[in-house]
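Me: I'd like a close look at a single part of this protein. Please take the five-stranded sheet and show me how it fits with what lies around it.

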Amino acid sequence: MSIDCTPLLTLRPNLRLASRVGVIGRALIPAVFVEENVMFSSPRTAVFLGVAALGLVCSPSYAEQTIKATLLMNTIQLNASDVKAGKVTFEVSNAPDTGMTHEFVVLKTDLAADRLPVKNGQVSESQFKKMGEVEDIDPGKGKRLTLKLAPGRYVVICNRPGHYSMGLHTSLLVTP
Ligand SMILES: [Cu+2]
C-alpha cells in the first residue's frame, strides 16, 4: 500500500539528462545511448522507456496537490471534485457560522456520497476503507490532512452524530 518512491529519486538526473539531450539535439542521442542499444531496440526507445517509467512510478510523489475543504451547516464543499493520484493535502476549515464542531473523514468507496449506510446517526465507518481523518474542528478553525490516495472514488464526510444526515458529505474522484 505505501509505496515509497525515494529510491526513484535517483532517477531524476536521468530525466534531466533525457530532456537535455532532447534540447541539445538528436545528434547526441546515439553517442549517449550507444551502449544501451544492447538492451533497447533503439536509442529513442531507451529515452522513452526511462521517461515512461518515471511517469508511471514516480509522478504521484511529486504531485503537490491541495484541496480546500469547507465544512458548512449542511454540506461539505471541495474546491475541486477530482484530483490526481498521489499525495493530497486537504486544508479543512469549519466555516465560522456553523456554530458546531465538525470533523473530516475520507473513505474509499464507490457508493454515492449520500448513499452510505447510517446507524444511530452515524455512518458505519468500519464498512469502508478509511483513509484518514481530522477531528474536533471548531467553527472558524482549520486543520490539515495529507493522504496518499490511489485512483478511485472517495467520499468525504463529517461523522459526528447526525451530521452526515444533515448533508455533510461529498465525493472526490482520484484519477490515475
Ligand atoms: Cu459535522
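**A close look at the five-stranded sheet**

Reply: Start with the contacts along the chain. Of the contacts in the protein with a separation of 6 or more, 66% are between residues 24 or more positions apart. This is a predicted model. Its secondary structure comes to four helices and 11 strands. Buried residues make up 19% of the 176 residues.

Confidence comes next. The pLDDT averages 77 over the protein, and 64% of the residues score at least 70. Over residues 1–61 the pLDDT is below 50. That stretch has 33 contacts in the model beyond near neighbours in sequence. Where pLDDT is low, the predicted coordinates should not be read in detail.

Now the sheet itself. It is an open sheet of five strands, in the order 3-11-10-5-8, with mixed pairing. Strand 3 (82–84) and strand 8 (129–137) stand at the edges. Each has a single partner strand, so one side of each is left without a neighbour in the sheet. From one strand to the next, the twist averages 20°.

What holds such strands side by side? Strands of a sheet pair through backbone hydrogen bonds, either parallel or antiparallel. This sheet gives an example of each sense. Strand 3 runs parallel to strand 11 (residues 169–175), and three bridges join them. Along this pair, Asp82 stands opposite Leu173 in strand 11, and Lys84 stands opposite Thr175 in strand 11. Strand 10 pairs with strand 11 in the antiparallel sense, over six bridges. Here Tyr154 has Leu172 of strand 11 as its bridge partner.

Tyr154 also leads into the core. The largest nonpolar core has 23 residues. Leu71, Phe104, Tyr154, Val155, Val156, Ile157 and Cys158 touch the most other members. Strand 1 (65–71), strand 4 (86–94), strand 5 (102–108) and strand 10 (152–157) each give two or more residues to this core. In soluble globular proteins, nonpolar side chains tend to be buried together.

Strands 1 and 4 belong to another sheet. That open sheet has four strands in the order 2-1-4-9, again with mixed pairing. Its edge strands are strand 2 (76–78) and strand 9 (142–149), and each pairs on one side only. The twist there averages 25° from one strand to the next. Strands 1 and 2 run antiparallel and are joined by three bridges. Ala69 stands opposite Leu78 in strand 2.

Leu71 shows how far one core residue can reach along the chain. Leaving out residues up to four places away in sequence, Leu71 touches ten residues listed here: Ile76, Val92, Asn94, Ala95, Thr98, His102, Phe104, Ile137, Cys158 and Leu168. Phe104 and Cys158 are also among the core residues that touch the most other members.

Finally, look at a loop. Ala113 lies between strand 5 and strand 6 (118–119). Is Ala113 buried or exposed? Ala113 is buried, because 21 other C-beta atoms lie within 10 Å, and the cut-off for buried is 20 or more. Beyond its neighbours within four places in sequence, Ala113 is in contact with Val155, His169, Thr170 and Ser171. Val155 is one of the core residues named above. Tyr164 is 51 residues from Ala113 along the chain, yet their C-alpha atoms are separated by 9.6 Å.

Methods: Residues numbered from 1 in each chain as written. Predicted model: local features only at pLDDT ≥ 70, side-chain atom pairs only at ≥ 80, totals over all residues. Buried ≥ 20, exposed ≤ 12 C-beta atoms within 10 Å, placed from the backbone. Contact = placed C-beta atoms within 7 Å. Pairing = 2+ DSSP bridges. Axes fitted to C-alpha atoms, helices over the stretch in contact; angles between N-to-C directions. Core = buried A, V, L, I, M, F, W, Y, C linked by C-beta atoms within 7 Å. pLDDT = per-residue confidence, 0-100.
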